[in-house]
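User: I have a model open and want to go over a few points with you. Can we start with the cysteines?
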Amino acid sequence: MPELPEVETTRRGIEPYIEGHNVAEVVVRDSRLRWPVPENINQILKGKTILSVKRRAKYLLLDTGSGHLIIHLGMSGSLRVMTEDAPVGKHDHIDIIFTNGQKLRYTDPRRFGAVLWTEAPIYEHKLLSHLGPEPLDGEFTAQRLFLLSRKKSQAVKTFIMDNKVVVGVGNIYASEALFKAGIRPDTPCGKVSKQRYERLTDAIIETLAKAIEQGGTTLKDFVGGDGKPGYFKQELAVYGRAGQPCLNCGKPIQEIKLGNRSSCFCSKCQR
């Protein structure tokens, strides 16, 4: 599933090609996504200008001045800028065609993403209103994690993956950040000290920033807005490395289940 670095990579990839450009037509080949694509999306967007391309958590927000197109990539979705004569594939569900001949193509084999429209204040939308701070913004602090975690017994990994606590820290990057911070993923979050949360906050920021710099992580489906894969996979220290030697100490990486997800860690380096 594309996580925050992959979505931010996509945003940066498509922004130069669509920002400031006018929509000529929207072609919907299959509207059956997680929620149905609005039937009148062509009438809504035709003639409008994309003023900016923003991101909130894992949602892409295309601002037209009179409303926003909300796009979520789901589990296998991608957005790519194509030429006007690009052939159509089986899972190419939506094309937003611009007057300059470029088209923004939404592809999604599993159709679990979303393309929605709203004219309401964007951050009051039901999909966005409950979200916590962005991890790369100043509002995300160790003090916030420390205070929110008090008297809680849930695992620290599932705690930092809660979008109400902080957005965008998915399974891959939670695993990697906890390794950098030296914290076991199954440690009760309420027992993590403020000092350790300071290390974890720094590790989350560093991990996400580095992943964005390298274009995200391609494990199977993800490609950026230019159609290229992400290269952060080469940097993974624990995720997907169960049974392999720890890059720090050489002890085999262990794997457990937390919240029905695989969690890999080093029992020597993480306590």
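Analyst: This is a predicted model. The cysteine sulfur closest to that of Cys-269 belongs to Cys-266, and at 3.7 Å it is too far away for a bond, since a disulfide needs the two sulfur atoms within 2.5 Å.

User: Is Cys-269 buried or exposed?
Analyst: Cys-269 is partly exposed, because its relative accessibility is 24%.

User: How many disulfides are there in the whole structure?
Analyst: A search of the whole structure gives zero. Cys-246 is not in one either; its nearest cysteine sulfur is that of Cys-266, 3.8 Å away. Cys-246 counts as buried, because its relative accessibility is 5%.

User: Switching to α6. What does it span?
Analyst: Helix α6 runs over residues 194-213, which is 20 residues. From first C-alpha to last it reaches 28 Å, close to the 28 Å expected at 1.5 Å a residue.

User: Which residues of α6 are buried?
Analyst: Among them are Arg-196, Tyr-197, Leu-200, Ala-203, Ile-204, Thr-207, Leu-208 and Ala-211. The buried residues cover an arc of only 165 degrees around the axis, so they lie on the same side of α6.

User: Why would a spacing like that line up?
Analyst: An α-helix has 3.6 residues a turn, so residues three or four places apart point the same way.

User: And which residues are exposed on the other side of α6?
Analyst: Gln-195, Asp-202 and Glu-213 are exposed there.

User: What covers the buried residues of α6?
Analyst: The cover includes α1 (4-18), α3 (142-149), α4 (156-160) and α5 (171-181).

User: What about Gly-215, just after α6?
Analyst: Gly-215 has a positive phi of about 85 degrees.

Key:
Residues numbered from 1 in each chain as written. Predicted model: local features only at pLDDT ≥ 70, side-chain atom pairs only at ≥ 80, totals over all residues. Heavy atoms only, no water. Buried < 20%, exposed > 50% of the residue type's maximum accessible area, 1.4 Å probe, protein only. Helix = DSSP H or I, 4+ residues; strand = E, 2+ residues; numbered from the N terminus. Expected span 1.5 Å × (residues − 1). Arc of directions from axis to C-beta. Contact = heavy atoms within 4.5 Å.
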